[in-house]
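Take a look at the protein below and get ready for a walk through its inside. We'll go from one residue out to the core, the helices, a loop and the empty spaces.

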Amino acid sequence: MSGLPSFRAVMLMVIAVLAATAAAGGVVVLVGDDVVTTAQEPPVRRQPSPRQSPAPRLDELVPTAAPVKQPVKDLARAGSKVTATPPRVLAIAPGPVPKQTRFRLGELAGVRKTTVVDAGAVKVSGTSINLLAVDPADFRAWTPQPVADQPAVWQALARGELVADAAAMRKFGMILGAVYQVDGGPRVRVAASAPLGLHGVDGLVSADLGRTLGFAQGVAVLLHGKEGEIRESGVRRLLGKGAQIVMLDASARVPKQRQPSQDQPSQGQPQQVTVGRPGSYLELYKASATRCPGLSWTVLAAIGQVESSHGRNNGPSSAGALGPMQFMPATWKHYGVDGDGDGKKDIWSPYDAVPGAANYLCANKAGQGGERLRKAIWFYNHSWDYVNKVMGIAEAYARTYA
C-alpha cells in the first residue's frame, strides 16, 4: 500500500494540468517540471521529460484560411479557355533545333502541331531533376486539360516558381509550398503539383528561370497529332542519331487485344492538380522551414502550438498580437511573406503566418542552431521560460514524427 499515495498524487497533478489547459482552450501537452525554468535562470538547455507528447497529430490538422482568390495579374490569358493538344512525342535533340528542321518536323505524317522549348537538369542536394523551361502562355495547351484549365499553375510559372510532376513529387518526397535550394543556383518554391504526362520530365519552370539556370535552349521537341500516327523513324531521321525520343502515346500503338483490360477505365479518370497550399499543418510546417536552411520544422510546430494551438486561438492577444503565429503588426510588416502565392501577405492566414515565422527566425540566425537558435526563439518572445518550453515541445514532435 505504500505506493498508493504516490499514485494519487500523480493522478491529481495530471487532472489539474488537463483541467487548466482545457479551461484555457488550448491543446493538452504534458510537460515535466524540468522543461520550464524560471525567468532568472540562464539559458541552459534542459532535457524534456520522457512523458512529453504533443497532441493532436499535425498530419490530421488542416489549416484554415479564406479561399484563395487568384489575382488578375501575371498572365493575361490565365482565365481564357484552352483546348489541350497533348504531345504524342517528346524528343531531346543533341543541340538547338534549327528553324528549318522545325518546319520539316511539322510536315511529318501524322503531325498536326509542333513546339520547341528549353530543357535542362538541376541538382537539389545532389539529386538530379529534369525540367522543361517554357513560356507559360504558350505551353498551356501541351498539358492535360485539367492542368491547362488551372490558372494558378501558369501564374506560378510566371512568378518564377516550379510546377512539379505529381509522380516526381512522390518520387523525390517533395513538399508543396517548400522552397528548395538548387545546387549552385537560386532557391525555387514548389508552387503546384500536376500530372504533366511527360515521361522523364520532373517539372516545369519558366523560360526566364531556365535561362538563369543555364538550360540548353531550343532542344526539347514536342509533337502533337492523332494517337499512334507519328512514326519514330521520321523524327529520328530529322533530329539525328543522338536524339532521345519518347513515344508518349506508346499505349495507343499496342493492339487493343493485347492491352490489359484494367487499363481501359483509367483513361477517363480525373487528374488532380494541387496548387499553392499544403494539405495539413505537418506539411505546412515542413514546407515553411525550408525557407530557413538549418531550421527544423519542429521548432515552427512548437511555436505554433504555444502561440495559438495551431490556429485554434488566433487572438488578438492582450498585447495586440494577431494570427496563428501571434505576430505584432509592426513585426509582420517587416517579416511577413506571401506563402501561398495568392498575391497578399495575410497575418491571419496560416499559409502566410507560418512561413513568416520561419522568415523572422531566420533573420535572427535560427538556422545556425545551438545558442543562436535559442536566442532567435527568445526574440520571438522575450522569455527564457518560453524558449525552454518551445525547445521541449520541438523535441517531443521530433520523437513523435521520427
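Leaving out residues up to four places away in sequence, Leu58 touches Ser280, Tyr281, Leu282, Tyr285, Trp297, Ala301, His310, Tyr397 and Tyr401. Touching, or contact, means heavy atoms within 4.5 Å. Keep in mind that you're looking at a predicted model, where local features need pLDDT of at least 70, side-chain atom pairs count only at pLDDT 80 or more, and totals for chains, interfaces and linings use all residues. Residues are numbered from 1 along each chain as its sequence is written, and side-chain values use heavy atoms, with hydrogens and water left out.

Leu58 also belongs to a bigger story. The largest nonpolar core has 42 residues, and Leu58 and Leu361 touch the most other members. A nonpolar core here is a set of buried Ala, Val, Leu, Ile, Met, Phe, Trp, Tyr and Cys residues joined through side-chain atoms within 4.5 Å. Buried means under 20% relative accessible area, exposed means over 50%, and partly exposed is in between (1.4 Å probe, protein chains only). At least two residues of this core come from each of α9, α10 (297-308), α12, α13 (370-380) and α14 (384-400). The largest share, 8 residues, is supplied by α14. Apart from this core lies another one, of 22 residues, including Val153, Leu157, Leu204 and Leu222. In soluble globular proteins, nonpolar side chains tend to be buried together.

Those element names come from a simple scheme: helices (H or I, at least four residues) and strands (E, at least two) are DSSP runs, numbered from the N terminus. The protein has 14 helices and 10 strands. Of its 402 residues, 47% are buried. And if you take contacts between residues at least 6 apart in sequence, 70% of them join residues at least 24 apart.

Now for α14 itself. How far apart are its end C-alpha atoms? They are 24 Å apart, which agrees with the 24 Å that its 17 residues should span at 1.5 Å a residue (the expected span is 1.5 Å times one less than the number of residues). This helix is mostly covered, with 12 of its 17 residues buried. Among them are Trp384, Tyr386, Met391 and Tyr397. The buried residues of α14 pack against α10 and α13. In α13, the buried residues are Leu373, Arg374, Ala376, Ile377, Trp378 and Tyr380, and what covers them includes α10, α12 and α14.

Next stop: the loop between α10 and α11 (329-335), where you'll find Pro324. Leaving aside neighbours within four places in sequence, its contacts include Tyr281, Gly304, Glu307, Trp348 and Ala353. Pro324 and Val306 sit 18 residues apart along the chain, and their C-alpha atoms are separated by 9.9 Å. Pro316 lies in the loop between α10 and α11 too, and a cis peptide bond joins Gly315 and Pro316, with omega at about 10 degrees. Ser309, found in this loop, has a phi near 55 degrees, a positive value in a residue other than glycine. Gln326, in the loop as well, also has a positive phi, about 50 degrees, although it is not a glycine.

For a look at strands, try Ser193, which is in strand β6 (residues 187-194). Leaving aside neighbours within four places in sequence, Ser193 is in contact with Ala164, Ala166, Met169, Leu176, Gln272, Val273 and Thr274.

Here is how buried these residues are:

| Residue | Relative accessible area | Status |
|---|---|---|
| Pro324 | 2% | buried |
| Ser309 | 4% | buried |
| Ser193 | 11% | buried |
| Gln326 | 13% | buried |

Finally, the empty spaces. How many cavities of 30 Å³ or more does a search of the whole structure find? There are 3. A cavity is a set of points, on a 1 Å grid over the protein atoms alone, where a 1.4 Å probe fits but cannot get out; lining residues have an atom within 4 Å of a point. Grid points are joined across faces, edges and corners, and a volume is the space filled by probe spheres set on the points.

The largest cavity holds about 60 Å³ of space. It is lined by 13 residues, and the closest to its centre are Gly177, Leu284, Ala287, Ser288 and Gly339. Two or more lining residues come from each of α9 (281-289) and α12 (350-363), with α9 giving the largest share, 3 residues.

Technical notes
1 Å grid on protein atoms, 1.4 Å probe; cavity = no way out; pocket = protein on both sides within 12 Å on 5 of 7 lines; lining within 4 Å.
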